[in-house]
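Visitor: I am new to this structure and would like a close look at a single buried spot, followed outward into whatever surrounds it. Could you take me through it slowly, explaining each term as it comes up?

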Amino acid sequence: MSATTVYQPDFLYSQGRLHEGRALHVGADGRILEEGPVPAGANVVRLPGRALLPGLVNGHSHAFQRLIRGRTEYVAAGSGSDDFWSWREAMYRAAETLTPEDIYAASRQAFLEMLLAGITTVGEFHYLHHQPDGTPYADRNTLAREVIRAARDVGIRIVLLRVGYARAGFQAPDNPRQRRFIDRDVDTFLSTVEALIRQTQGEACVSIGMAPHSVRAVPREWLEVLSGVRGDFPMHMHVAEQPKEIEACKAEHNLRPVELLEELGLLEERFTAVHAVHVTEDEARMLGEVGAGVCACPSTERNLGDGIVPADALAREGARLCLGSDSQATVDLLDEARQLEGHLRLSRLRRAVLDPGTGTVDGLAARLFEMATVNGARSLALPVGKLEPGAPADFFTVDLNHPSLVGASPASLLAGIVLGADKAAVREVAVEGRLVVREGQHPRAEESGRAFHALARRLYP
């Protein structure tokens with residue numbers, strides 16, 4: 001890269017709206033520069049017919065679950081019905097057999113698909129740690145490193161949220177299908193996270209966070225220890241995804257999940273509750289009072305029959321909503337935003353539920369786009385999600401001539417992109433100023449697809 005690269009689209013997203021005739025200046029270090037005259041010797045990249053926007057931030061992902069897409073959409077013989085818990089048993093089939101190289105191949109394919117959809121950052125909620133029989137690898141972070149390698153090889157920014165998992169549940173017998181997840185004790189979990197931080201020190205586009213899995217999988221003793229761990233890393237946790245989780249939490253602690261986390265001092269700005277489907281108004285207030293994040297994953301919550309995230313109540317109380325692809329049932333973060341709003345419309349029986357009340361055609365779109373960018377970045381403690389001087393130049397473009405966008409006027413363009421664009425309209429994607437997708441193509445797509453296909457056919461003959 002020369003000293004400066006200047007990207008010249010038809011429209012540039014900045015400060016909550018699209019501007020016509022603006023350019024993005026990027027320095028040799030991949031950081032955004034102040035806009036001004038094109039400097040002598042700059043590499044000018046003209047992008048006619050394009051709108052350029054900050055890269056999308058996927059706040060919650062289980063990359064290996066890309067393998068089970070389309071393979072759990074039925075009721076097993078003799079079952080009578082299907083739900084989250086039966087789906088979980090089907091998911092274990094993949095989780096308990098994958099080798100380190102398999103983890104790499106599955107993760108690479110999922111991350112590549114994210115890039116093609118304009119996602120430039122992923123928060124990977126990683127809970128596969130050990131060998132299939134539960135024996136730790138010599139390096140306890142072997143599988144985490146394979147996931148990070150996959151992200152690095154396709155060019156996506158990753159926050160590896162290393163999961164802590166202690167048990168099958170309150171008064172539940174050990175589940176041998178979970179033995180790859182479980183750490184011996186909280187000190188082992190913490191030392192493994194610390195080792196991973198050391199191992200990745202200085203790696204570009206890689207950072208580490210901590211993720212106690214859920215109140216179901218982590219006992220109070222662990223949570224008490226984790227509440228005292230200080231640092232500027234993000235902390236994510238599955239919270240109130242299923243009614244059974246709440247029933248078990250009340251039986252064990254005489255508290256609901258958010259109430260328990262609040263009592264233990266875990267709720268703070270760096271904390272993100274993933275799902276938060278079944279929270280009360282009081283719990284929404286607890287999350288909002290501390291400015292905690294809530295990561296909604298509507299495609300997965302719909303697919304698993306979890307329920308509808310009360311995003312309107314959470315936003316009203318001040319919780320920061322962001323979005324994730326979770327189980328990779330689909331990978332399209334803007335569609336996650338549409339589903340978040342759409343589910344509320346079905347349950348509230350009205351339109352534009354999350355509209356901020358600005359009276360403008362793009363008010364709702366801007367709010368949803370903020371969830372998919374700025375709020376996701378804050379949830380992962382990253383300086384991305386905005387195209388402003390000093391920030392990494394993570395961005396994507398959309399083709400304004402794509403059939404899903406034809407006819408949009410400048411005033412309705414943002415709403416057209418956020419609420420109507422097909423992900424095939426994404427054409428260029430850059431991470432830290434480097435184009436990793438050009439004209440809708442990733443250079444490793446064919447190689448990755450072949451390896452993933454072979455893995456899937458081996459696992460599901």
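Guide: Asp 394 touches Leu 53, Pro 54, Gly 55, Thr 120, Thr 121, Arg 157, Val 384, Leu 387, Ala 430, Val 431 and Glu 432, where residues up to four places away in sequence are not counted and contact means heavy atoms within 4.5 Å. The model is a predicted one, in which local features need pLDDT of at least 70 and side-chain atom pairs count only at pLDDT 80 or more, while totals for chains, interfaces and linings use all residues. Residues are numbered from 1 along each chain as its sequence is written, and side-chain values use heavy atoms, with hydrogens and water left out.

Asp 394 itself sits in the loop that runs between α12 (363-379) and β13 (395-399); helices (H or I, at least four residues) and strands (E, at least two) are DSSP runs numbered from the N terminus. Asp 394 counts as buried because its relative accessibility is 3%, with buried meaning under 20% relative accessible area, exposed over 50% and partly exposed in between (1.4 Å probe, protein chains only). A polar atom of the Asp 394 side chain lies 2.6 Å from the backbone nitrogen of Glu 432, and Glu 432 is also among the residues that Asp 394 touches.

From Asp 394 the contact with Leu 387 leads on to an open space. The largest pocket has a volume of about 410 Å³, and of the 25 residues that line this pocket, Tyr 13, Ser 14, Gln 15, Leu 387 and Glu 388 are the closest to its centre. On a 1 Å grid over the protein atoms alone, a pocket is an open set of points with protein on both sides within 12 Å along at least five of seven lines, a cavity is a set where a 1.4 Å probe fits but cannot get out, and lining residues have an atom within 4 Å of a point. The elements β1 (4-14), β3 (24-27) and α12 each supply at least two residues of the lining of the largest pocket, and the largest share, five residues, comes from α12. By class, this lining has 12 nonpolar, seven polar and six charged residues; Ala, Val, Leu, Ile, Met, Phe, Trp, Tyr, Cys and Pro count as nonpolar, Asp, Glu, Lys and Arg as charged, and the others, Gly among them, as polar.

There are enclosed spaces as well, since the structure holds four cavities of 30 Å³ or more, a volume being the space filled by probe spheres set on the grid points, which are joined across faces, edges and corners. The second largest cavity has a volume of about 70 Å³, and its lining includes His 62, Glu 124, Phe 125 and His 126. Both α2 (100-116) and β6 (119-126) supply at least two residues of that lining, and β6 gives the most, with three. The residues of the lining of the second largest cavity divide into seven nonpolar, three polar and one charged.

The largest cavity holds about 210 Å³ of space, and 20 residues line it, with Phe 84, Trp 87, His 213, Arg 216 and His 238 lying nearest its centre. Helix α1 (residues 84-95) gives the most to the lining of this largest cavity, with five residues, and by class the lining has eight nonpolar, seven polar and five charged residues.

Against the buried Asp 394, two other loop residues may be set. Gly 231, in the loop between α5 (220-226) and β9 (235-239), is partly exposed, with a relative accessible area of 44%. Ile 182, in the loop between β7 (157-164) and α4 (186-199), is partly exposed at 27%, and Ile 182 touches His 130, Tyr 165, Ala 166 and Arg 167 when residues up to four places away in sequence are not counted.

To place all this in a wider frame, an unreviewed UniProt entry lists residues 52-436 as "domain: Amidohydrolase-related", with positions in the numbering used here, feature names shortened, and annotations that may be inferred rather than shown by experiment. Over residues 52-436 the chain is 37% helix and 17% strand, and the end C-alpha atoms are 15 Å apart.

Note on methods: Polar contact = N/O pair within 3.5 Å; in protein donor to acceptor, adjacent residues only side chain to side chain.
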